[in-house]
Amino acid sequence: MIKHLNKGRLRRSVAKKALKISTESYSGANCDAMKHHIRPCLAKNPDTVILHVGTNDMAQKNAKEIAKGVVEIGNIIQNQSPNTKVVISELITRTDTPENRRKVAEVNAVLLTNCKKNKWGHITHANIQAKHINPYGIHLNRAGTPMLAKNIISFLNEQN
């Protein structure tokens, strides 16, 4: 989802110009893989990690398992890098199957509860609709990627 985000444009759009923005994309990575990929990222001592993961778990896991995996990654961030702020970017709607659309809503509800409980940041993507998803119903189309970027930028600007 984030591989098409232009970090230069993100940087220019954030009000706090001194904010260093880096994106890491792990195509096809699920929650279990991200538990390993996140560790080298934390070695850079980031101020904030925005975690956007879970969509690739849809075929193998139920909503509770997916949400649990995302929360476990958030806990790894907190434990490995206590000064790093954890931000969860909720799952984006899917249109491939009604079951996956329902799962996304369930996962997002659990993630919001955990963000509040753990005092983590939360980025909502309620403005991303079916018209922003590609014909396969899984990934963002050309109109969807800017919506994702806008949501991230809005969150970052609200934090400044």
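Against which elements do the buried residues of α4 pack? I shall come to that after introducing the sheet. Please bear in mind throughout that this is a predicted model.

Let me begin with the strands. Three of them form an open sheet, ordered β1-β2-β3, with parallel pairing. At the edges are β1, residues 48-51, and β3, residues 121-123, each of which pairs on one side only. On average, neighbouring strands in this sheet are turned by 20 degrees against each other, direction ignored. Strand β2, residues 85-89, pairs with β3 in the parallel sense over three bridges, and Ser89 stands opposite Ile123 in β3. As general background, the strands of a sheet pair through backbone hydrogen bonds, in either a parallel or an antiparallel sense.

I turn now to the helices that accompany the sheet. Helix α3, residues 63-80, packs on the sheet and touches β1 and β2. The direction of α3 makes about 170 degrees with that of β1. Helix α5, residues 144-159, lies across β1, β2 and β3, and runs at about 150 degrees to β3.

This brings me to helix α4, residues 98-118. With 21 residues at 1.5 Å a residue, α4 should span 30 Å, and its end C-alpha atoms are indeed 30 Å apart, so the two values agree. The buried residues of α4 are Asn100, Lys103, Val104, Val107, Asn108, Leu111, Asn114 and Cys115. Because these residues cover an arc of only 135 degrees around the axis, they are on the same side of α4. On the other side of α4, the exposed residues are Pro98, Thr113, Lys116 and Lys117. We can now answer the opening question: the buried residues of α4 pack against α3, β2 and β3. After α4 comes Lys119, which has a positive phi, near 60 degrees.

Finally, I come to the nonpolar cores. In soluble globular proteins, nonpolar side chains tend to be buried together. The largest nonpolar core here has 26 residues, of which Ile38, Ile73, Ile77, Ile88 and Leu111 touch the most other members. At least two residues of this core come from each of α2 (31-42), β1, α3, β2 and α4. The greatest contribution to this core is that of α3, with eight residues. Leaving aside residues up to four places away in sequence, Ile38 touches Val49, Ile73, Ile76 and Ile77. There is also a second, separate core of 12 residues, including Val14, Ile133, Leu148 and Phe155.

Conventions. Residues numbered from 1 in each chain as written. Predicted model: local features only at pLDDT ≥ 70, side-chain atom pairs only at ≥ 80, totals over all residues. Heavy atoms only, no water. Pairing = 2+ DSSP bridges. Helix = DSSP H or I, 4+ residues; strand = E, 2+ residues; numbered from the N terminus. Axes fitted to C-alpha atoms, helices over the stretch in contact; angles between N-to-C directions. Contact = heavy atoms within 4.5 Å. Expected span 1.5 Å × (residues − 1). Buried < 20%, exposed > 50% of the residue type's maximum accessible area, 1.4 Å probe, protein only. Arc of directions from axis to C-beta. Core = buried A, V, L, I, M, F, W, Y, C linked by side-chain atoms within 4.5 Å.
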